[in-house]
Amino acid sequence: MDAAKLQALGRRALEIERDALSALLPRVDASFARACELMLACNGRIVVTGMGKSGHIGSKIAATLASTGTPSFFVHPGEASHGDLGMITRQDVVLAISYSGETNEIITLLPLFKRMSAPLIAMTGKPRSTLATTADVHLDVSVTMEACPLNLAPTASTTATLAMGDALAVALLEARGFTPEDFAMSHPGGSLGRRLLLKVSDVMHGGERLPRVSPDTRLSDALLEMSRKGFGLTAIVDEQQRVLGVFTDGDLRRVLDQGIDVRQARVDQVMTRGGKTVRADQLAAEAVALMEKYKITALLIEDEAGHLQGVVHMHDLLRAGVV
């Protein structure tokens, strides 16, 4: 089989799955809203269960819910029949996934779910199946065909189910007012955690490393301060250490273009007044966003009263893994 044929087959699979996702849009209806309401009212956890490929998708949905503010975990239906059902309480909501709606391992559990009065949400491709008709809420994830050329392997159907799970998670996230800080608490490790948890105070420089001069400093002396400290800028501060402005490498180029004598001019005559600053308690990721927006490589840190506290350079953020 040549490359063109393989590419055509791959595109066909994606087109089938795209169409399956488009067909879901009208099914985000009153039943979807009711499912969200049950989950929001849940005082326990969302217990997701599914067998085979539906189980793999269910495990991902449970993980997405848990990481976006909706406590959730996955229970294998086969294991549930042999003791793991004890994980589920009356305070929980069960989300059961079965495309056929007739998966034996899940059907066996239905009377037990009803007996403990745990609300049951079903995702199936068969609205008249046992699981769909037994559930308190049914979400239709049916597809007209699988991407598999034999129309057998779960492909488009699992994509549709996963997307419906994502839709639930995102709707709940918004409804709960979930913030980036909340997200960070469940993602403390790796680059994502560093981006969300690291504060400017964790990477900034202060004390003797901090470049600063008074407003009446000769520009030539301010340039020496910049060279000694190596951040490509210096803060201009008053006697109370309040930030009056900043002088950067970029400002120096403009001064030279204008023919200003660096040995005679005072720094307050050529500084950028105010300048871009951040606070020490802001997220380091916010500092990165500010640098990218204004195409600068360093920022001054000041407190709420405008007193200089430190400086942070893009290199510090790179080393910390924030970028």
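Contact, the basis for describing packing here, means heavy atoms within 4.5 Å. The structure is a predicted model, and helix H11 offers a starting point for reading it.

Helix H11 spans residues 219–229, and its buried residues are Leu 219, Ala 222, Leu 223, Glu 225, Met 226 and Lys 229. These residues lie on the same side of H11 because they cover an arc of only 155 degrees around the axis. On the other side of H11, Ser 227 and Arg 228 are exposed. The partners of the buried residues of H11 include three strands, E6 (212–213), E7 (233–237) and E8 (243–248); helices H12 (249–257) and H13 (267–270) also pack against these residues. After H11 comes Gly 230, which has a positive phi near 75 degrees.

Two of the elements that meet H11, strand E8 and helix H12, also appear in the largest pocket. This pocket holds about 390 Å³ of space. E8, H12 and strand E11 (298–302) are the elements that each give two or more residues to its lining, and H12 gives the most, with five residues. In total, 21 residues line the largest pocket, and those nearest its centre are Val 246, Thr 248, Asp 251, Ile 296 and Ala 298. By character, the lining comprises eight nonpolar, seven polar and six charged residues.

The second largest pocket has a volume of about 180 Å³. Helix H3 (53–67) and helix H8 (156–176) are the elements that give two or more residues to its lining. Of the 16 lining residues, Ser 54, Tyr 99, Pro 154, Ser 157 and Thr 158 lie nearest the centre of the second largest pocket. Its lining divides into seven nonpolar, seven polar and two charged residues.

Definitions and conventions: Residues are numbered from 1 along each chain as its sequence is written. This is a predicted model: local features need pLDDT of at least 70, side-chain atom pairs count only at pLDDT 80 or more; totals for chains, interfaces and linings use all residues. Side-chain values use heavy atoms; hydrogens and water are left out. Buried means under 20% relative accessible area, exposed over 50%, partly exposed in between (1.4 Å probe, protein chains only). Helices (H or I, at least four residues) and strands (E, at least two) are DSSP runs, numbered from the N terminus. The arc is that of the directions from the helix axis to the C-beta atoms. On a 1 Å grid over the protein atoms alone, a cavity is a set of points where a 1.4 Å probe fits but cannot get out, and a pocket is an open set with protein on both sides within 12 Å along at least five of seven lines; lining residues have an atom within 4 Å of a point. Grid points are joined across faces, edges and corners, and a volume is the space filled by probe spheres set on the points. Ala, Val, Leu, Ile, Met, Phe, Trp, Tyr, Cys and Pro count as nonpolar, Asp, Glu, Lys and Arg as charged, and the others, Gly among them, as polar.
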